[in-house]
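Me: I would like a close look at a single part of this structure, the site around the ligand. Keep it brisk and give the cut-offs as you go.

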Amino acid sequence: MQALLKLIQDGRFHSGQALGAVLGISRSAVWKQLQNLEAELGLVVHSVRGRGYCLERPLSLLDMERLGVSTGLGTWPVTLHYQLDSTNAEALRMLGAGGCGPFVVLAERQSSGRGRRGRKWVSPFAENLYYSLAWPVAGGARQLQGLSLVVGLAVLQALRAFGLVQAGLKWPNDILVDGRKIAGVLLELVGDLADLCHVVIGVGVNVNMLSDVDEITQPWTSMAVVSGVTVDRNAFVRELSSQLGSYLHRHQQLGFPAFIPEWNQGDLWAGRSVTVTTTAQATHGVVCGVDVTGALILQTEDGRQVFSGGEISLRLKDDT
Ligand code: ATP
């Protein structure tokens with residue numbers, strides 16, 4: 001099925017006979033595999049008498065040969081799956097089985113993509129990027145300080161390198177374009193902080209997703225929506241890995257404080273009135289940047305308050 005998908009990913013018509021000849025199978029076996037593609041991967045295949053079969057729209061499939069060139073991925077082993085529950089879950093399983101980072105897990109689709117607080121990350125087949133990097137952390141809690149914000153910066157730079165110059169950050173680590181979410185980051189820690197531990201850095205980027213998805217409960221966009229062209233996902237993986245490698249190494253050496261000016265510069269909500277919601281309460285105030293730990297500084301009626309941790313949600317005041 002994967003070989004067939006590779007042949008038809010260009011979105012052009014291919015006759016059943018030609019596909020069968022290349023794959024060494026009968027025309028009816030081709031037809032059966034195409035039906036499986038529709039049923040299992042949610043793809044739409046058009047069939048036109050006299051012309052053959054074509055996908056509803058072209059795909060940019062991930063390809064091990066095209067992922068493994070010169071940048072960060074040259075040194076980080078990559079595992080590519082057609083389908084996973086979640087790339088973070090798989091990376092955690094690999095670490096649990098004795099694996100040692102850095103390594104990257106990619107999937108063409110996630111059935112249970114994860115957001116923060118157990119929420120779902122919508123992950124249709126071959127459209128976006130579902131990327132997890134298992135990153136070793138030695139040297140205690142300080143090495144984790146501000147790490148998720150630094151990952152957000154790396155994703156932001158990768159998007160900008162692909163022409164999305166208007167992309168920016170929303171604390172702690174969402175990336176937005178025109179007020180719409182284009183990427184999210186989820187960090188999960190495993191191991192003993194006093195010894196060697198790993199952080200699994202999950203990055204979801206909407207790359208070529210175009211169609212409306214009911215399950216996404218907030219405004220979203222994708223690289224293809226913004227740029228108007230289908231993006232080469234293999235090239236984007238290389239760019240993202242290269243940015244992550246560079247930012248993570250600098251974070252290891254310099255710590256988070258060195259990134260504060262850059263982070264504040266990329267913060268789309270700096271100076272805006274927001275509502276910060278925790279499990280206990282909602283607080284109104286104006287965003288005043290981040291502190292040396294990566295916590296959000298809010299100017300409220302009662303003075304400056306600082307927020308950190310995974311249970312916090314940030315909304316523009318006008319939207320709440
Ligand atoms: P909050 O919005 O409360 O600050 P968050 O923005 O950090 O949380 P996450 O938990 O990281 O959100 O991601 C889950 C949320 O992202 C979901 O509730 C959903 O609305 C949205 N979402 C899910 N899949 C996608 C996607 N592919 N693109 C954009 N947004 C998505």
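Reply: Start with one pair of residues: Leu 176 has Lys 181 as its bridge partner in strand 8. The strands involved are strand 7 (residues 174-177) and strand 8 (residues 180-191), which pair antiparallel over three bridges. Pairing here requires at least two DSSP bridges between two strands, and a strand is a DSSP run of E of at least two residues, numbered from the N terminus.

This is a predicted model, in which local features need pLDDT of at least 70 and side-chain atom pairs count only at pLDDT 80 or more, while totals for chains, interfaces and linings use all residues. Residue numbers run from 1 along each chain as its sequence is written, and side-chain values use heavy atoms, with hydrogens and water left out.

Lys 181 also belongs to the ligand site. Among the 19 residues around the ligand, Lys 181 comes nearest together with Arg 119, Asp 174, Thr 217 and Ser 313. "Near" means a heavy atom within 4 Å.

Now the polar contacts, which are pairs of N or O atoms within 3.5 Å. A side-chain N or O atom of Thr 217 sits 2.6 Å from a ligand oxygen. Arg 315 places a polar side-chain atom 2.8 Å from an oxygen atom of the ligand. Val 122 uses its backbone instead: an N or O atom there is 2.9 Å from a ligand nitrogen. On its own the ligand has 640 Å² of accessible area, and the protein covers 97% of that (Shrake-Rupley method, 1.4 Å probe).

What kinds of residue make up the shell? Eight are charged, six nonpolar and five polar; Asp, Glu, Lys and Arg count as charged, and Gly is among the polar ones. Strand 14 (residues 313-316) gives the most, three residues. Domain 2 (69-264) and domain 3 (269-319) each supply at least three; the bounds come from an automatic or database domain assignment. That assignment also gives domain 1 (2-55). Its centre lies 52 Å from that of domain 3, over C-alpha atoms.

Back to strands 7 and 8. They belong to an open, mixed sheet of seven strands, ordered 3-4-5-9-8-7-6. Strand 3 (78-81) and strand 6 (168-170) are the edges; each has a single partner strand, so one side of each lacks a neighbour in the sheet. From one strand to the next the twist averages 20°, using lines fitted to C-alpha atoms and angles from 0 to 180 degrees between N-to-C directions.

Technical notes: Polar contact = N/O pair within 3.5 Å; in protein donor to acceptor, adjacent residues only side chain to side chain. Helix = DSSP H or I, 4+ residues; strand = E, 2+ residues; numbered from the N terminus.
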